[in-house]
Every structure is written in C-alpha cells, then in structure tokens.
Amino acid sequence: MAIRQILYAGDPRLRQKAKPVKQFGPALKALADDMLETMHAANGLGLAAPQIGVLQRLFVAHLPKDEKDPQSGKDFVLVNPQIVQASPESVEGVEGCLSMPSWYGRVARPEWVVVKAMNVYGKPIRIKAHGMLARVFQHEMDHLNGVLFVDHIRRPEDLWQELPEEESKESAPEAATAVAQPA
Ligand code: NI
C-alpha cells in the first residue's frame, strides 16, 4: 500500500470524465487499497480515483464509527458506480473536498440513493445509502464526471473558506475535521 498524491482544483485531470473500469483483480485491488490509505491519511470521508490522477470510475468512502449508524466504520470501494434510484426530496448539507482544502459549501442533494456498482473483482453490489453516506457517494460520483462540489453552488453565501486552525464537530464528505459553520 502507498499514499498517493492528491490533486488540487486547477489540475485539468479533475475536470475530465473518467473511463469505466474494465480490468478487475489484484491490480485494481492494489489501487483501491492505495486510495483507502490515502483517504484515511488525509482524514477524508471519500476519495475518487481522478483525485489521484487515475481517470477510472471508482471511489472509496468511509464514515467514522457511530453506534447509531450501521453504515459507518467500514470501508466502501465502489467500481463503475451508478445511481439507480434517488429520493425525490433533497437536503442541504455542508461539503468539503480533499482537492479543495479549506473550502466548504452548502449543497442540496437527494437524501438517499440506491447505487449499483461492482467490487474490485467484478462482483455486482447494490447499496442503499442514507444521510452523510449518500452525500459522500454522490460527491464522489461527481468526481468521476469531472464535477466538483462548487459547481453546484449558486449563491456566494453558500461557499466559504475556513482556515485550518478553526475546527468544529461537524463533518463533510471529504473533510472529517476542520469544518466550521458558515459565518
Ligand atoms: Ni471531493
């Protein structure tokens, strides 16, 4: 396993559409393991392959363990993910991004999604994600299409910058720490 370098906004690779994964097996498993290690090292809740310069359709996610949430505390690896169902109602939530350190914004997204994907060995998986996990999945799937969370923001008051030393308890898709309430 190895920690990979995370690309920052401005890098053209973050704006490209990633290609479907065709080769499953040990090499893909090794890539996913690197992505998990990189995400954990950066205290992120998710990481998409384009964020480390790999233009393939996969992402990883992990919510910190919370006794009330059975989907927390485990590593997710989703290959060629597709949303097959989404809640009609949207909810607003605060997001950050490992590719845009210190920037946060309020984004409206469906409250839950059903995602169809494959694991690293090509086995089909289907996950219904609610709340923060649903938000992370949608944020990461945006990365596979070259979309960043800021693209969803229409009002300037919904985007703000926090300096790293300011911290709060709230968390967001890719930044588990240092998320503050908007002023
Ligand atoms: Ni992101």
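These legends go with close-up views of salt bridges in a predicted model.

**View 1. Lys-29 and Asp-33 pair up within helix α1.** The two side chains meet in a salt bridge, at 2.9 Å from N to O. Both residues belong to helix α1 (residues 26–41) and sit 4 residues apart, about one turn of the helix. Check the surroundings too: Lys-29 is partly exposed, at 31% relative accessibility, while Asp-33 is buried, with a relative accessible area of 18%. That 18% counts as buried because the cut-off is under 20%.

**View 2. Arg-155 reaches Glu-92.** Here the side chains form a salt bridge at 3.9 Å, N to O. Arg-155 comes from the loop between α2 (131–144) and β8 (159–161), and Glu-92 from strand β4 (residues 90–95), so the pair ties together parts that are 63 residues apart in sequence. Arg-155 itself is partly exposed, at 40% relative accessibility.

**View 3. Asp-158 meets Arg-106.** This salt bridge comes in at 3.2 Å, again N to O. It links distant parts of the chain, with Asp-158 in the loop between α2 and β8 and Arg-106 in strand β5 (residues 103–110), 52 residues apart. Asp-158 is buried, with a relative accessible area of 5%, whereas Arg-106 is partly exposed at 23% relative accessibility.

**View 4. Glu-92, Arg-106, Arg-155 and Asp-158 in one frame.** Pull back a bit from the last two views, and these four residues turn out to be linked in a network of salt bridges. For the wider picture, a search of the whole structure finds 10 salt bridges.

Technical notes:
Residues are numbered from 1 along each chain as its sequence is written. This is a predicted model: local features need pLDDT of at least 70, side-chain atom pairs count only at pLDDT 80 or more; totals for chains, interfaces and linings use all residues. Side-chain values use heavy atoms; hydrogens and water are left out. Helices (H or I, at least four residues) and strands (E, at least two) are DSSP runs, numbered from the N terminus. Buried means under 20% relative accessible area, exposed over 50%, partly exposed in between (1.4 Å probe, protein chains only).
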